[in-house]
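Please open the model in the viewer and keep the selection panel at hand. The stops below are intended to be followed in order.

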Amino acid sequence: MLPQEKHIRKVIKGCFERGVQVSEELTYVFFKCWLLNPNVKNLKKQPLKIAMDNIINQCIQRLSVQKDPAILCIKMQLLVENDYKNRGFIINKVYEENNQKIRPLLNDILDNIDHAGHTMSINNQKIIQYIILSNYMGDPTSPILVQEISDTLNSVLNRTKLSEFKNQLSSLKINQLKEISNSVCGIWLYNVDCKNIREDTLDSK
């Protein structure tokens, strides 16, 4: 036995007549929870329409008590779920928009690598810009940040085999660039964290 739209509407209308406004989502969730109530099993022995009318009335009675702990708990759960859904949507949207913005930069990097053979210059400003922008690390024109990323990129590339990079498929090249970018970002964050710890230690002395 699952709640139908007409049942949900009846519950919402019944609550409204009692001066209480409830959302369709809250009503649907509570209705499903109420069907798990052991007492409902006895109602199911009655004719379906009578049983459903009784269940609807019971839901109206409970939902009309706004300070009911069970209702407040469900409301909080729905609030948290919706908040995370919205947050995830916003994060994904920002991520997609950022990818679209840096896509031309990524294409330029791939073209430069193809023309230069299988070498990747650590002084390539476009690669540094890509790393900064793709990881939201700050201003790509900041001299200090650019130098820090350049130094970190140098250490990463010295440990990265790129001899077969030119002959890889475009998707594999992009994946390798992303791996390099993530490695640089991780090392840079670690260095920044260590620097902050050292400064905090000196300040505390």
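The tour covers the nonpolar cores, a loop residue, a pocket and the cysteines.

**The cores.** This is a predicted model. Begin by selecting Tyr130, Ile131, Ile132, Met137, Ile149, Leu153 and Val184, the residues with the most contacts inside the largest nonpolar core, which has 23 residues. Next, colour helices H5 (69–116), H6 (125–134), H7 (143–157) and H8 (170–204); each of these elements gives two or more residues to this core. Apart from this core lies another, of 19 residues; to locate that second core, select Val20, Ile56, Ile74 and Leu78, which are among its members.

**Around Met137.** Return to the largest core and centre the view on Met137, one of the residues with the most contacts there. Which residues are in contact with Met137, once its neighbours within four places in sequence are left aside? They are Ile131, Ile132, Leu145, Ile149, Cys185 and Trp188.

**The loop between H6 and H7.** Now select Tyr136, which is placed in the loop between H6 and H7. The phi angle of Tyr136 is near 55°, a positive value in a residue other than glycine. Is Tyr136 buried or partly exposed? Tyr136 counts as partly exposed, because its relative accessibility is 47%, and the partly exposed class lies between the 20% and 50% limits.

**The largest pocket.** Display the lining of the largest pocket by selecting Tyr95, Asn99, Ile102, Arg103, Leu106, Tyr130, Ser134, Asn135, Ile174, Lys178, Ser181 and Asn182. The volume of this pocket is about 210 Å³. H5, H6 and H8 each supply at least two of the lining residues, and H5 gives the most, with five. Colouring the lining by class shows five nonpolar, five polar and two charged residues. Tyr130 deserves a second look: this residue lines the pocket and also ranks among those with the most contacts inside the largest core.

**The cysteines.** Finally, show the cysteine sulfur atoms. How many disulfides are there? With a cut-off of 2.5 Å between sulfur atoms, the count comes to zero. Select Cys33 together with Cys73: the sulfur of Cys73 is the nearest cysteine sulfur to Cys33, at 9.3 Å, and Cys33 is in no disulfide. Cys33 is partly exposed, with a relative accessible area of 40%. Then select Cys59 and Cys15. Cys59 is likewise in no disulfide, and the nearest cysteine sulfur, that of Cys15, is 8.5 Å away. Cys59 counts as buried, because its relative accessibility is 1%, and buried means under 20%.

Conventions
Residues are numbered from 1 along each chain as its sequence is written. This is a predicted model: local features need pLDDT of at least 70, side-chain atom pairs count only at pLDDT 80 or more; totals for chains, interfaces and linings use all residues. Side-chain values use heavy atoms; hydrogens and water are left out. A nonpolar core is a set of buried Ala, Val, Leu, Ile, Met, Phe, Trp, Tyr and Cys residues joined through side-chain atoms within 4.5 Å. Buried means under 20% relative accessible area, exposed over 50%, partly exposed in between (1.4 Å probe, protein chains only). Helices (H or I, at least four residues) and strands (E, at least two) are DSSP runs, numbered from the N terminus. Contact means heavy atoms within 4.5 Å. On a 1 Å grid over the protein atoms alone, a cavity is a set of points where a 1.4 Å probe fits but cannot get out, and a pocket is an open set with protein on both sides within 12 Å along at least five of seven lines; lining residues have an atom within 4 Å of a point. Grid points are joined across faces, edges and corners, and a volume is the space filled by probe spheres set on the points. Ala, Val, Leu, Ile, Met, Phe, Trp, Tyr, Cys and Pro count as nonpolar, Asp, Glu, Lys and Arg as charged, and the others, Gly among them, as polar.
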